[in-house]
Amino acid sequence: MRFTLVVQGGPYTSQASLSAWHFARAVVATGHEIYRVFFYHDGVYNGNTLLTPPQDETDLHMAWCTLGRDHGCELVVCIASALRRGMLDDGEARRYEKPLANLNKLFIVSGLGQLIDGAISADRTVTFGN
C-alpha cells in the first residue's frame, strides 16, 4: 500500500510530527511505501536545518531526512506556509534577497498541487495535526 502523509504540526510544538514519523517508520517496516510527506502550516519547521534539540530528545529534523533519504519518499514543504514562517531554500532566499537559506536540501519547496498529486497517487492519505 502507498501512503501520503500530511504533517501540520511543528517538530516540538505538538505531537503531530513525532506521531507521523512513528507512523511512517511502521509503514516502511511492514513493507509498504511512503510516496510523499507534505509539510503544511507549522509542519514546515520540520525542514529547518538549524534545529538543534537536546541530545536526549529525538532529532525530528534528522529523523525525517533519514526517512526521506533511506526510503526515497519526497519531503515537500508548502511554499506559502514556508515563506510566512521564514523557511527558505536557496532559490527562495535569492529570490527574496535574504542572507541565508535554512531549509534542508532534502526538502522540496512546492505548492498545494503536490498535496493533491500525493492524495491521487497514494492509496491512503493520512493527516497529522489540525
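This is a short tour of one protein chain, with something to select at each stop.

**The whole chain**

Start with everything shown as a cartoon, and keep in mind that this is a predicted model. You should find five helices and five strands. Colour the chain from the N terminus onward, and the elements follow the pattern β-α-β-α-β-α-α-β-α-β.

Now zoom out. Along the principal axes, the C-alpha atoms fill a box of roughly 45 × 35 × 25 Å. What radius of gyration would a compact globule of 130 residues have? The value would be near 14 Å, and the protein chain has 14 Å, so the two agree.

Switch on the surface next. Its accessible area is about 6800 Å², and 51% of that belongs to carbon and sulfur atoms. Of the 130 residues, 44% count as buried. The contacts also reach far along the sequence: among those between residues at least 6 apart, 78% join residues at least 24 apart.

**The sheet**

Hide the surface and select the strands. In what order do the five strands lie in the sheet? Reading across, the order is S4-S3-S2-S1-S5, in an open sheet with parallel pairing. Look at the edges, where you will find S4 (107-110) and S5 (124-128). Each has a single partner strand, so one side of each is left without a neighbour in the sheet. Turn the view to see the twist, which averages 25° from one strand to the next.

Strands of a sheet pair through backbone hydrogen bonds, either parallel or antiparallel. For a parallel example, select S1 (residues 2-7) and S2 (residues 33-39), which are joined by six bridges. Click on Phe3, and then on Ile34, its bridge partner in S2. Arg2 has a bridge partner in S2 as well, namely Glu33. While you are here, notice that five of the six residues of S1 are buried, so this strand is largely enclosed by the rest of the structure.

**A helix on the sheet**

Add helix H5 (residues 112-121), which packs on the sheet. Which strands does H5 touch? The helix touches S1, S2, S3 (74-78), S4 and S5. Compare directions too: that of H5 makes about 155° with that of S2.

**Helix H2 and its surroundings**

Now select helix H2 (residues 60-71) and measure from end to end. At 1.5 Å a residue, its 12 residues should span 16 Å, and the end C-alpha atoms are indeed 16 Å apart, which agrees.

Show the side chains of its buried residues: Leu60, His61, Ala63, Trp64, Cys65, Leu67 and Gly68. Their cover includes S1, helix H1 (16-29), S2, S3 and S4. Just after H2 comes Gly72, with a positive phi near 65°.

**Two residues to finish**

From H2, hop over to His22 in helix H1. Although His22 and Ala63 are 41 residues apart along the chain, their C-alpha atoms are separated by 9.8 Å. Is His22 buried or partly exposed? Its relative accessible area is 42%, so His22 is partly exposed.

Last, select Glu92 in helix H4 (residues 90-95). Here the relative accessible area is 12%, which is under 20%, so Glu92 counts as buried. Leaving aside residues up to four places away in sequence, Glu92 touches Ile79 and Leu83. Show those two side chains together with Glu92, and the tour is complete.

Definitions and conventions
Residues numbered from 1 in each chain as written. Predicted model: local features only at pLDDT ≥ 70, side-chain atom pairs only at ≥ 80, totals over all residues. Heavy atoms only, no water. Pairing = 2+ DSSP bridges. Helix = DSSP H or I, 4+ residues; strand = E, 2+ residues; numbered from the N terminus. Axes fitted to C-alpha atoms, helices over the stretch in contact; angles between N-to-C directions. Contact = heavy atoms within 4.5 Å. Expected span 1.5 Å × (residues − 1). Buried < 20%, exposed > 50% of the residue type's maximum accessible area, 1.4 Å probe, protein only. Rg over C-alpha atoms; globule rule 2.2 N^0.38 Å. Areas by Shrake-Rupley, 256 points an atom, 1.4 Å probe, with all protein chains shown as cover.
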